[in-house]
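Q: Please give me a close look at chain B. I am new to this structure, so add what helps me place it beside chain A.

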Amino acid sequence: MASAGIMTVDGLVPSILEEYGAATRDLLFRYLPDTEPRRYLYDLVADYPRRGGRAFRPSLCIATARAFGAPFEAAVRSAVSIELIHNAMLIHDDIEDESEERRGKPALHITQGVPISINVGDMLSMLAMRPLVDNRTLLGPQLTLRIIEETERMARESAEGQAMDLGWRRDNVMDITESDYLQMVLRKTCWLTTIHPTRIGALIGTRGTVDAEPFIRFGFFLGAAFQIQDDLLNLEGDWRSYGKELGGDIHEGKRTLMLIHLLENATSDEHDRLHAMLARPRAQRSADDVRWVCARMKAYGCMDYARQVAHGLAGAAEHEFDLIYGSLPDSRDKRFIESLPSWVIERA
Amino acid sequence: MRNRLNAEADTASSKGAGYTIGAAIDDSLRTARRLAETADKTVMGAVERGVETAYTVIEEYMLRGRETARRFQQGTPGRTDMNEGRQGENRPYENPWLSAQWSAPMSMMMAPWMPMMKMWQESMATFAQGTPMASMAEWMNAFTPGAAYGRSNGTSVIVQVSSQAPAAVTVELDAGAESMKLSAAPLQHASSRSAPALVGIRIDSKDGVARVRITVPTDQPAGLYRGQIQDDTGMRRGQLSLEIESGAPAAAAKKTTRARPRKKA
């Protein structure tokens with residue numbers, strides 16, 4: 001059962017994120033080659049990981065493995081791989097989205113240019129393979145292979161979700177529904193952020209015997225709530241802690257839940273103006289455009305609406321948590337995972 | 001669509017007895033209301049609509065996945081190109097995959113990565129079907145760019161053997177195991193079941209170095225002995241081998257230090 005304490009997120013979540021994040025990063029940097037060409041590749045490969053980040057994904061993987069009974073060492077290499085892939089995807093996402101900032105600094109392609117940044121992202125994703133292969137000494141070949149298969153699936157789901165997101169923007173699709181949005185988020189965000197880390201952790205913790213399907217459901221609700229909160233922070237957050245330009249999603253024309261709600265409620269004139277604005281290239285969307293969209297979103301209660309949906313999804317995540325983690329013995333890691341649904345919608 | 005999905009999900013779900021989507025939504029809504037009340041902005045229509053839409057999305061996704069899995073079990077081809085690699089295994093994914101309109105545009109990152117992944121996967125599958133771990137390690141070592149990993153650490157092991165007869169020791173430890181609390185199982189003679197096991201092996205880990213101490217009784221039969229090294233959870237962390245030579249006893253207790261790290265960290 002979800003405990004009554006779910007209403008408040010104590011220091012457990014930040015504490016575990018810090019602990020597992022530090023351990024993951026420590027091993028991650030040992031997987032980054034210390035060789036030439038440094039200037040154009042290996043120094044840049046370390047750039048995004050050195051900028052920090054919450055290490056949410058690797059921590060969720062390690063915590064799930066431990067909650068199911070595995071030692072830390074059994075999960076940490078998979079966690080490193082997840083973090084490397086995440087950083088690789090960030091580099092490419094920043095290029096595809098034309099984002100200007102990442103973790104409080106200029107995005108890599110802003111400082112190094114697009115061609116070199118693409119190559120750095122490629123290398124990071126390749127480097128993510130080595131810790132997975134190294135898993136074989138601890139986990140054996142069967143489970144190692146299963147984790148690689150899971151990683152392949154996650155990568156495909158993520159690319160498919162990204163394709164939906166990019167395709168909608170390129171073709172200026174205006175009739176996206178909430179259901180379409182959740183299908184896109186399921187693939188683009190949830191697989192890498194929550195589904196994959198929990199499935200991998202549970203497989204490691206049970207030596208491959210767990211039924212991994214229910215983790216799709218739990219990860220979907222948790223990850224979708226996470227994404228909606230992230231989109232809200234993009235509009236309303238504190239720049240210093242958010243680490244990206246506020247309003248950037250509007251600038252980039254991202255189909256967020258707030259934008260979809262606005263499109264559903266806007267007047268005909270407003271809809272036409274939105275359509276015209278989103279049809280222009282990013283560089284031709286002005287700060288005034290962003291401010292106008294923000295104001296319309298506030299007028300139609302789009303942020304409040306999205307916030308309530310996120311609350312609902314967090315509630316669904318709690319329900320699914322009980323079904324798959326409820327029978328496990330109490331542990332710090334189990335309580336950490338149990339706290340996540342409320343943490344993801346309360347984080348700033 | 002919603003009603004059909006609910007009916008299918010409630011009857012076809014593999015989540016086991018007692019799980020219904022309706023109950024799941026009710027339970028989720030109760031929690032969501034509680035969370036929403038604390039936010040002091042109750043827009044329950046949004047919560048209910050969001051949760052129901054989300055359950056519809058995920059159940060449709062899972063149902064399509066199960067249908068895909070059933071098709072594979074029946075031997076019906078339904079995937080293209082890269083999916084074909086999975087048809088040989090009896091554990092197809094529940095993933096429905098996306099329709100053709102979204103499957104074509106792969107991101108820039110995936111393009112160079114996926115062929116390599118597939119090659120790795122197929123090659124590993126060959127070894128996963130009963131090939132000994134040693135062969136797997138040799139195969140993988142061919143791909144190890146050891147020189148490029150300048151900051152990698154080797155495994156540090158010190159071995160101390162007290163024996164009247166000459167003895168050689170081989171320790172294989174998983175990377176990182178030297179920092180764990182380790183113990184060694186009794187070493188069993190490789191070819192003689194009647195030979196007594198070699199017990200009393202101590203392993204102390206300190207400052208990232210594992211120290212293995214072995215005392216061989218004077219009447220221990222010669223031969224090769226092997227045993228597993230495990231951590232305090234019982235997980236296998238390596239192997240210890242000791243070869244006691246026959247013939248004249250050593251003039252003094254022999255101290256052999258030989259560590260062969262199995263892999264780099």
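A: Chain B exposes about 13700 Å² in this predicted model. Carbon and sulfur atoms supply 50% of that area. Of the chain's 265 residues, 42% count as buried.

Now follow the chain from its N terminus. Six helices come before eight strands. Contacts also reach along the sequence. Take those in chain B between residues at least 6 apart: 63% of them join residues at least 24 apart.

How far can the details be read? Chain B averages a pLDDT of 63, and 46% of its residues score at least 70. Over residues 1–17 of chain B the pLDDT is below 50. That stretch still has 25 contacts in the model beyond near neighbours in sequence. Residues 250–265 of chain B also have a pLDDT below 50, with 51 such contacts. Where pLDDT is low, the predicted coordinates should not be read in detail. For the model as a whole, ipTM is 0.82 and pTM is 0.66.

Next, the empty space inside. The structure holds three cavities of 30 Å³ or more. The largest has a volume of about 80 Å³. Its lining counts 14 residues. A:Asp249, A:Ile250, A:Lys254, A:Thr256 and A:Met297 lie nearest its centre. Helices 11, 13, 14, 15 and 16 of chain A each give two or more residues to this lining. Helix 11 of chain A gives the most, with three. By type, the lining has eight nonpolar, three polar and three charged residues.

Chain A also has some backbone features to look at. Most residues other than glycine have a negative phi, and most peptide bonds are trans. The peptide bond from A:Glu36 to A:Pro37 is cis, with omega near 0°. A:Pro37 sits in the loop between helix 1 (12–30) and helix 2 (38–45) of chain A.

Two residues have a positive phi without being glycine. A:Asn172 has a phi of about 50°. This residue is in the loop between helix 9 (136–170) and helix 10 (178–205) of chain A. Its relative accessibility is 10%, so A:Asn172 counts as buried. For A:Arg207, phi is near 55°. A:Arg207 lies in the loop between helix 10 and helix 11 of chain A. With a relative accessible area of 49%, A:Arg207 is partly exposed.

Notes. Residues are numbered from 1 along each chain as its sequence is written. Chains are lettered from A and ligands numbered from 1 in the order in which they are written. This is a predicted model: local features need pLDDT of at least 70, side-chain atom pairs count only at pLDDT 80 or more; totals for chains, interfaces and linings use all residues. Side-chain values use heavy atoms; hydrogens and water are left out. pLDDT is the predictor's confidence in each residue, from 0 to 100. Contact means heavy atoms within 4.5 Å. On a 1 Å grid over the protein atoms alone, a cavity is a set of points where a 1.4 Å probe fits but cannot get out, and a pocket is an open set with protein on both sides within 12 Å along at least five of seven lines; lining residues have an atom within 4 Å of a point. Grid points are joined across faces, edges and corners, and a volume is the space filled by probe spheres set on the points. Helices (H or I, at least four residues) and strands (E, at least two) are DSSP runs, numbered from the N terminus. Ala, Val, Leu, Ile, Met, Phe, Trp, Tyr, Cys and Pro count as nonpolar, Asp, Glu, Lys and Arg as charged, and the others, Gly among them, as polar. Buried means under 20% relative accessible area, exposed over 50%, partly exposed in between (1.4 Å probe, protein chains only). Accessible areas come from the Shrake-Rupley method with a 1.4 Å probe; for residues, only the protein chains shown count as cover.
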